[in-house]
Amino acid sequence: MAQRAVWLISHEPGTPLCGTVRFSRRYPTVEKRARVFNGASYVPVPEDGPFLKALLFELRLLDDDKDFVESRDSCSRINKTSIYGLLIGGEELWPVVAFLKNDMIYACVPLVEQTLSPRPPLISVSGVSQGFEFLFGIQDFLYSGQKNDSELNTKLSQLPELLLQACPFGTLLDANLQNSLDNTNFASVTQPQKQPAWKTGMYKGKPQVSISITEKVKSMQYDKQGIADTWQVVGTVTCKCDLEGIMPNVTISLSLPTNGSPLQDILVHPCVTSLDSAILTSSSIDAMDDSAFSGPYKFPFTPPSESFNLCYYTSQVPVPPILGFYQMKEEEVQLRITINLKLHESVKNNFEFCEAHIPFYNRGPITHLEYKTSFGQLEVFREKSLLIWIIGQKFPKSMEISLSGTVTFGAKSHEKQPFDPICTGETAYLKLHFRILDYTLTGCYADQHSVQVFASGKPKISAHRKLISSDYYIWNSKAPAPVTYGSLLL
Amino acid sequence: MGPLSRDAWAQRLGAFRASPSAFMAGPEGEDLGRDLLGDLRSEKLSEQTKVSLLALSMEYPAQMWPDASAAEVAATSLLDTLVLLPPRPSALRRPLLLAATTALAAGGALGPTSGASCRLLPLLLGLAAGSDLGRGFVPASEQRPLQATACECLRELESCKPGLLGGSLGLLRGLLGQEGPVQPLSLLLALALRNTLVLQSRVGAGLGGLLTDKVSPTGGGPWDWTLVEEGDGRLQPQAPSWPAAEEGEGEHSLTAREHSPEEARELRAAVIQLLDTSYLLTPVAQAQLLWLLGWALRGLQGQPPALFKPQLVRLLGTAQLTLLHAVLALKAAFGEALFTAQDEALLLRRLTLAAQHPALPPPTHLFYLHCVLSFPENWPLGPEGEEAAPLLLGPQLCRGLLPSLLHDPMALLARLHLLCLLCAEEEEEEKGQLPSPRHYLEELLAGLRQRAALDGGPRALATLCFQASYLVACCLAGQPTVLTPLIHGLAQLYQARPMLAPHFVDLLDQVDSELREPLKVVLRQVVVSRPGKDEALCWHLQMLAKVADGDAQSATLNFLQAAAAHCTNWDLQQGLLWVCRALLRAGVRGGLVDLLQVLARQLEDPDGRDHARLYYILLAHLAAPKLGVALGPSLAAPALASSLVAENQGFVAALMVQEAPALVRLSMGSHRVKGPLPVLKLQPEALEPIYSLELRFRVEGQLYAPLEAVHVPCLCPGRPARPLLLPLQPRCPAPARLDVHALYTTSTGLTCHAHLPPLFVNFADLFLPFPQPPEGAGLGFFEELWDSCLPEGAESRVWCPLGPQGLEGLVSRHLEPFVVVAQPPTSYCVAIHLPPDSKLLLRLEAALADGVPVALRTDDWAVLPLAGDYLRGLAAAV
């Protein structure tokens with residue numbers, strides 16, 4: 001279970017190479033083992049230049065895809081995981097774990113402790129999951145709190161030293177690189193025994209526990225016969241525990257009000273020490289019934305030093321917070337649109353913000369607009385072919401608002417309006433963006449009194465909640481729209 | 001050269017990293033390793049610069065110190081630098097330890113005879129044990145981090161030399177129980193324990209007191225080179241490949257030896273100790289521990305897998321990739337012994353859930369989906385190693401894992417695969433409850449085709465559509481309800497966007513005939529039903545070149561005729577000719593002759609006209625099989641050469657005679673002595689079926705008249721062939737060498753030319769008898785000949801040695817046909833006619849036990865030495 005090499009490559013479309021290797025690290029002792037284990041099927045880790053070229057080609061990130069290239073476009077070259085074989089100098093380097101996120105490509109080559117021909121199934125290669133964690137760890141480190149390029153560069157420059165701590169020989173010791181950084185800084189503190197390896201330093205100060213629940217609601221609304229609207233809540237519970245002692249024990253309980261929606265698909269942080277079987281088995285895969293476990297959901301754990309995600313959950317609330325319909329019709333040279341949005345009465349009518357984005361893809365810039373709205377204001381981004389309906393902090397008393405109008409477009413220019421494969425013809429959507437503070441759609445809350453802390457001193461406990469929209473789509477009901485299998489289950 | 005400045009080093013390191021091979025080949029390459037080691041002790045460089053130098057040495061030791069002796073020197077130097085550090089905190093101690101370990105392990109210098117190894121190992125073990133190494137070697141503040149680093153170094157050495165720490169198990173266990181850092185010690189102990197178990201079981205030994213002894217029993221220090229030797233330097237996989245493990249009762253199985261009850265108890269205690277504190281390890285380290293222990297204990301008697309149970313519930317709750325993966329490894333290692341049917345169902349549900357949980361990133365989803373389809377079931381049904389839906393994964397469980405057009409390509413293909421697996425099983429499912437997966441699949445494919453058909457859409461969309469079609473064709477071959485709409489959908493896609501022709505050609509190349517043949521028919525119909533005048537004509541021609549065959553000839557030819565008028569540029573003309581070529585290959589003749597004649601006259605481009613004429617000539621002159629070969633894929637041309645080059649080389653291969661290795665062998669049979677000329681009897685033998693064989697012979701030195709070629713209609717290996725008779729017309733009676741060439745046609749229709757090994761005509765092969773004299777007149781006839789030789793000729797006496805066969809045997813074996821007078825067993829007179837007109841006369845008389853004196857006469861001086869050699873060699877000849 002080890003990595004032979006790791007790379008960070010920035011994707012730079014439009015430049016001659018389309019990318020630059022920003023960081024790379026090789027592990028020669030692992031490479032030596034690879035040579036022995038792989039035997040005749042051994043392919044050495046290449047230098048950065050050839051690797052960059054082969055990886056960008058394989059990931060289709062080179063600018064040139066005008067012509068059919070068999071080694072890339074052949075129908076039988078099917079990749080179903082983020083693990084690739086790269087053709088370098090006539091040999092295939094496999095497995096290469098790689099993914100693109102925020103214009104950065106993360107890649108590593110896990111050691112396979114056997115011959116590569118025939119290829120062993122990925123599931124049997126222990127280094128694959130380690131490789132993923134390694135790359136996710138680097139990604140978290142680079143992008144946590146990072147705001148601009150110079151901060152990114154600073155963090156990249158810290159990587160060589162951090163990997164001496166977190167992965168000195170290619171076997172990953174801790175995916176949390178921030179821990180390694182803190183460890184370096186805490187080096188003078190003598191750590192007591194039995195301190196968890198995932199906890200750095202020791203907190204000295206006023207004890208406090210902060211819990212915040214963030215729910216994201218996503219939805220696909222069609223307003224169509226035969227296709228069901230779908231919506232889902234995804235919750236994240238984040239904790240920061242500043243407590244004295246080596247291993248303070250904390251138990252946090254999440255509760256639901258009487259009419260709350262049960263939490264499902266609960267995934268917990270590895271620091272959680274035990275789980276009720278009801279929590280483990282409550283799943284969205286099963287049909288809902290009244291007997292579903294509805295809490296309280298207890299999570300006993302020993303907190304790490306930093307802020308962490310205690311658990312994730314999903315939930316199926318009975319109604320979407322905002323129900324809408326969107327009708328768009330092409331009338332000769334213009335589009336006629338009608339939008340209706342209705343806030344459900346059970347939802348807290350106090351938004352931090354609420355907007356509806358109405359994009360028009362594969363068309364030219366907006367040249368003319370006539371509209372009528374019952375509420376809020378409309379902003380027009382002519383060049384981007386986008387309307388933003390700013391609804392504001394509150395829906396009116398009726399809880400229902402509408403917008404109608406006609407839009408005319410100029411000629412399409414390919415550079416400015418990128419091609420969208422989904423929204424062609426009259427297929428179109430509007431997307432809602434909103435945020436409500438101190439509120440969750442499921443009703444889930446962390447009762448301050450139910451938080452148990454086994455540590456010296458009575459901690460100050462603070463709890464926060466918010467609801468955010470995410471992928472909240474309302475499709476034009478007058479045209480075909482992409483559906484999921486779930487939408488067909490009526 | 002003095003030490004380099006910080007900037008100079010930064011520049012040098014930058015240049016090295018940009019391309020290590022180029023740098024090492026350059027002028028500075030040779031000195032890099034030496035300079036680096038030297039400058040580590042320079043007082044002018046900051047610690048930070050030195051750390052970056054050490055980091056480089058940890059990445060590229062093989063470039064700087066390419067052999068074991070150089071690595072040994074480097075490690076020694078690094079250790080010296082470490083010892084010389086002043087007794088105050090320094091950022092160099094950790095990297096120096098790491099670098100020395102890397103140099104030894106990567107350089108192959110690690111071993112009992114290496115001085116650096118013998119210094120490094122006690123140092124590391126001392127540091128790991130937290131012992132006082134004296135003289136303020138380790139400042140107090142660094143003790144803890146160095147302890148952990150030393151453990152990591154030891155672990156790497158143990159990974160590279162399994163068994164090395166076999167003697168330290170007791171010591172490590174003791175440390176873990178006391179105050180040592182939990183994670184590094186746990187991982188080190190687990191690895192050393194696993195390696196020891198594997199190696200001991202291989203040699204049939206038990207653990208003995210290894211787990212309890214604090215001091216090594218071998219006495220040579222706590223490291224165990226003997227165990228390393230027993231391991232034969234073989235590395236130990238942390239988890240042997242799963243399917244291999246299923247079969248492996250030999251290599252990886254640990255059942256070879258039972259442990260004594262006491263050993264088993266100690267082992268169990270050690271494992272429990274490791275597992276109990278595993279919670280204190282980082283998730284990735286916990287996962288390593290589980291992989292190690294799981295596969296170490298697999299099949300070990302007295303070690304119930306239930307030891308792992310307390311960890312499982314905790315682990316199943318997380319979505320940590322490494323942890324769930326480790327649980328799957330335990331599942332694969334222990335199966336039902338650790339996971340009951342209910343546990344298995346729960347694990348599969350958690351996995352299915354993780355494969356779609358919105359809180360996890362897409363690469364994780366895809367890996368979990370792979371894990372679902374490769375799930376190590378307690379009772380697997382399908383073939384090993386292929387992705388398949390586990391039995392417990394019903395449609396209900398898959399609901400959230402099905403593809404939609406909104407997924408990115410990789411997720412879509414992965415989920416599409418699952419959908420196909422569901423469709424394959426749909427027959428048995430009861431219908432009506434859920435929307436039919438097959439219907440959903442059809443809609444999805446239609447959506448993909450719609451997107452691929454969009455004008456101006458990126459190629460990736462088209463590629464995705466064809467990948468999906470290919471996947472469906474592979475998984476659901478034999479399901480006409482799926483394939484029929486797929487074929488028609490693809491035909492419509494072609495109609496909508498002919499520029500996708502290369503994708504269609506690729507798809508036709510990849511899929512089985514079950515989809516290929518009907519798809520070809522439909523696509524051909526689509527193309528030929530179009531008017532020849534079309535913007536997309538070049539794509540139609542490309543398509544038609546792939547799908548045109550002997551069927552629907554008239555429609556195809558009509559299309560081509562109509563198209564010919566619009567083929568105004570070179571590209572289109574080549575496309576058109578390419579279709580003609582495909583038709584020629586398919587054996588179409590009738591209407592094609594007319595078309596080619598028209599093209600040979602009408603095409604604007606002279607190259608096009610030439611080609612058309614060439615095809616016409618080929619069509620008119622070659623039989624169908626030969627034509628097929630001539631136009632078939634070129635054997636000679638590399639795949640990347642232009643089509644024209646390929647085509648020309650194809651013709652060259654097919655229509656010209658090719659030099660080839662000999663597929664036929666010739667051997668000499670006994671020669672025939674009747675008739676006026678000597679005749680060689682040759683036995684041909686073929687290695688492959690060959691036809692129209694022509695053998696040509698050339699006599700070196702023009703000793704004989706030119707030889708006629710010999711013809712054989714057909715030769716097959718294993719089928720006996722009639723011997724070939726080759727009459728010789730000597731111009732002088734001398735042995736000769738014949739060069740042999742073979743010309744033949746292979747079963748693929750190629751005409752080949754091969755050089756065969758030469759044949760040697762011996763002196764005796766030229767012997768002919770004189771006409772037999774009347775009964776009783778033999779002696780007189782012989783004497784007459786004898787006398788006629790002199791005075792122009794020559795006379796000699798030769799001693800002919802006799803073998804065990806005696807004179808009688810020798811004569812009957814070699815000279816029988818030429819004997820004129822015989823008085824067996826002591827006296828023979830032999831008369832040999834040597835064409836063209838020489839004679840050789842022998843008198844063999846008064847034989848002794850070991851030889852016979854031979855008097856010989858000939859009318860040709862030149863024959864004398866040959867005859868002498870011949871006679872002297874007779875006894876040896878068998």
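## Charges in chain A

Lys and Arg count here as positive and Asp and Glu as negative, while His and the chain ends are left out of the count. In this predicted model, chain A carries 45 positive and 49 negative charges by that rule, and the mean positions of these two sets lie 4 Å apart.

## The build of chain A

The secondary structure of chain A consists of seven helices together with 22 strands, and its C-alpha trace spans about 70 × 65 × 45 Å when followed along the principal axes. Of the contacts in chain A with a separation of 6 or more, 74% join residues that are 24 or more positions apart.

Chain A has 490 residues, and 55% of them are buried. The area that chain A exposes comes to about 20,400 Å², with carbon and sulfur atoms supplying 52% of this area.

## Where chain B and chain A meet

The size of an interface is often given as the accessible area that is lost when the parts come together. Between chain B and chain A this buried area is about 9,400 Å², and carbon and sulfur atoms give 66% of it. On the side of chain B, the residues that lose the most area to chain A are B:Tyr279, B:Leu280 and B:Arg459, which together account for 7% of what that side buries.

Counted by residues, the interface brings 113 residues of chain B into contact with 104 residues of chain A. The rule for salt bridges finds one across this interface, and the side chains of B:Glu156 and A:Arg33 meet in a salt bridge, with a distance of 2.9 Å from N to O.

Terms used:
Residues are numbered from 1 along each chain as its sequence is written. Chains are lettered from A and ligands numbered from 1 in the order in which they are written. This is a predicted model: local features need pLDDT of at least 70, side-chain atom pairs count only at pLDDT 80 or more; totals for chains, interfaces and linings use all residues. Side-chain values use heavy atoms; hydrogens and water are left out. Helices (H or I, at least four residues) and strands (E, at least two) are DSSP runs, numbered from the N terminus. Buried means under 20% relative accessible area, exposed over 50%, partly exposed in between (1.4 Å probe, protein chains only). Contact means heavy atoms within 4.5 Å. Accessible areas come from the Shrake-Rupley method with a 1.4 Å probe; for residues, only the protein chains shown count as cover. The place of a charge is taken as NZ of Lys, CZ of Arg, CG of Asp or CD of Glu. Buried area is the accessible area (1.4 Å probe) that two parts lose on being put together, summed over both. A salt bridge is a side-chain nitrogen of Lys or Arg within 4 Å of a carboxyl oxygen of Asp or Glu.
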